[in-house]
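The following exercises are to be worked with the sequence and the structure at hand. Each task is followed by a solution in steps.

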Amino acid sequence: MSTTEAKTEVEPRMAIPMIKTASSGGTEQTVDTTGSSNDSNTNDSGKTSNDPPGLFHFRRKSNVHVDSVHMKPDGVMAPAQLYCTESGRLFHAGKIAIVTVGLPARGKTHLAVAITRYLRWLGVKTCAFHLGDYRRAMMGPGKDVPDDYFFVNASPPSVLLRQQILQKCREDLYRFLDEEKGQVAIYDAVNPTAAGRRSLAKEFAKHDILTIFIESKCDDPRIIEENVRKVKISHPDYAGWNAEDAVKAYLERVNAKIPHFETMDEPELNYIKMINAGESIIVNNCRIGYLPNRMVFYLMNLHIKAHHTYFARAGACADGENSYKADGGLTAEGDSYAQRLTEALLKHREHERKSFIAQGGSPAAVKPLTIWTSTRRRTAETAIHLQNKGYKVRQRPQMSQLNPGDLEKCSEEQIKELYPEEARKHKQDPYHHRYPRAESYHDLAVRLEPIILELERERNDLLIIAHESVLRVLYGYLMACSTQDIPFLTFPRNEIIEIIPASYNNELKTIPIPNTDAEGNFVPGLSSRIHHH
């Protein structure tokens, strides 16, 4: 799978071509590398014709600090998956500030990351500003804020420190909206008091910025502890800590340092209140345009309980890898691959379950597994061994592969010979170009939008078995890939992709399928180790 990699501790797979790096403009800089070229041709397997056999591009972490959907390392603004404008501003919505509200471990940052990912996917130039990043940058490594930092009646030094941190964060926020032509800035902080929120809305209004508050309210101790254990212990403040000590220290810190919090009840403000991981939602004064209403609709499909998502290719079928019109079942080799896929995934999940419980997690918090496939026979039959073991399998007609139109089963050489002008257009923009009577990747992304909303709503861990074209678009959404990258992502059959939510991004793990080559053939003794990216 060709992707980009985020953060400095990159673990590259072999990569073609070489990849440039670009750092974010905020504090606690991260590094984002982007990598596929739209100057090379692709065949049906997703590899570029310029790639040596067996080489795959970098994989990446999604990252809210780096807008790899829109901005490329060379400064060119790439179009998003659904819509695009030269400025990155859509729907005549003007400048918008989304302000998160809520105590720590209630899912605020998860909401900020999810909204950032969704809006960038739509084509809205969005950036998240996490106040905690500015706090850590101001204090320095290993240092914490004073004990009364979050108190309403804090000491003068603490108030001054708080103002300095806020000023730096807001300067960057204004710069993004005014100078960098951003449209939505997400201000991620506790924002505990009604007076502070009213003041913030008035300040933003002076800059012609519409303010929408999003509160994540949670009083269920099970959800809070699960959030701390699964997300907060991966937080930069607890790097290198024992899991049990991190959970205990974090909860004590929250209770001690933020004794005063007022839930949102200001009738004049625009706000959305999500209660207990999306069990209920309260919307106040948010009928203020198409884009805010689109965000409300998205949030109604979102919950703060993170789940793992797995991607796997369907097995080989008798009618050929990329036959669209025919709907053949799996070959004997394809069925053998499906068995090995099942065994590898269940073995991995059992290992993860034991590890989670050994770290103090509750067995009840381990999520069950749901499987999605398309309605095509080969995808449904790839899931049959999991279904026979009692796992729930849902067939989704929207997840059928990209329609190749008149070019079905044509080789790259045949396309160049029969449709030279179409081949030239496709080389220039492989994401948006549509062959005769075919779908483009943009068409496929529009078709998959309901699936993306269902994906956000899913509470179980999820395995998606699909054609490579479908996996490219869904992976591109979850990992914030550019449209320049998506057509070149590759998903070999000798591994399962696992996407794991973390504090500020989605992280990637590859699970090997033993005795299997990249085409899904049985090769005795062929194995590899799990890769964390």
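**Exercise 1. Cysteines.** Determine whether C218 is buried or exposed, do likewise for C481, and state how many disulfides are counted.

*Solution.* Step 1: the model is a predicted one, and the accessibilities are computed from it. C218 has a relative accessible area of 7%. Buried means under 20%, so C218 is classed as buried. Step 2: the relative accessible area of C481 is 2%, and C481 is therefore buried by that cut-off. Step 3: a disulfide requires two cysteine sulfur atoms within 2.5 Å. Under this rule the count is 0 disulfides.

**Exercise 2. A salt bridge between distant parts of the chain.** Describe the pairing of E266 with R197 and locate both residues.

*Solution.* Step 1: side chains of opposite charge can pair when their charged atoms come close. Step 2: E266 and R197 form a salt bridge through their side chains, with an N to O distance of 2.8 Å. Step 3: R197 belongs to helix 4 (residues 194-206), whereas E266 lies in the loop between helix 6 (243-257) and strand 8 (271-275). The two residues are 69 residues apart, and the pair links distant parts of the chain. Step 4: both E266 and R197 are buried.

**Exercise 3. Salt bridges with partly exposed residues.** Explain how E421 and R424 are placed in the helix that holds them, and give the accessibility class of R434.

*Solution.* Step 1: the closest N and O atoms of E421 and R424 are 2.4 Å apart, and the two residues form a salt bridge. Step 2: both residues lie in helix 12 (residues 420-428); because they are 3 residues apart there, about one helical turn separates them. Step 3: E421 has 40% relative accessibility and counts as partly exposed; R424, also at 40%, counts as partly exposed. Step 4: R434 pairs with D443 in a salt bridge whose closest N and O atoms are 2.7 Å apart. R434 is partly exposed, at 44% relative accessibility. Step 5: K168, D172 and R175 are joined into one network by salt bridges that share partners. The search of the whole structure gives 25 salt bridges.

**Exercise 4. Helix 3.** Check the span of helix 3 against its number of residues, then identify what covers its buried residues.

*Solution.* Step 1: helix 3 (residues 156-178) has 23 residues. The expected span is 1.5 Å times one less than the number of residues, so helix 3 should span 33 Å. Step 2: the end C-alpha atoms of helix 3 are 32 Å apart, which agrees. Step 3: the buried residues of helix 3 include L161, I165, C169, D172, L173 and F176. Step 4: the elements covering the buried residues of helix 3 include strand 4 (95-101), strand 5 (126-130), helix 2 (131-139), strand 6 (184-188), helix 4 and strand 7 (209-217).

**Exercise 5. The largest cavity.** Give the volume of the largest cavity and name the element that contributes the largest share of its lining.

*Solution.* Step 1: the structure has 7 cavities of 30 Å³ or more. Step 2: the largest cavity holds about 220 Å³ of space. Step 3: it is lined by 20 residues, of which H110, R117, E456, P501 and N506 are the closest to its centre. Step 4: helix 1 (108-122), helix 13 (441-457) and strand 14 (495-501) each give two or more residues to this lining. Helix 1 supplies the largest share, 4 residues.

Terms used. Residues are numbered from 1 along each chain as its sequence is written. This is a predicted model: local features need pLDDT of at least 70, side-chain atom pairs count only at pLDDT 80 or more; totals for chains, interfaces and linings use all residues. Side-chain values use heavy atoms; hydrogens and water are left out. A salt bridge is a side-chain nitrogen of Lys or Arg within 4 Å of a carboxyl oxygen of Asp or Glu. Buried means under 20% relative accessible area, exposed over 50%, partly exposed in between (1.4 Å probe, protein chains only). Contact means heavy atoms within 4.5 Å. On a 1 Å grid over the protein atoms alone, a cavity is a set of points where a 1.4 Å probe fits but cannot get out, and a pocket is an open set with protein on both sides within 12 Å along at least five of seven lines; lining residues have an atom within 4 Å of a point. Grid points are joined across faces, edges and corners, and a volume is the space filled by probe spheres set on the points.
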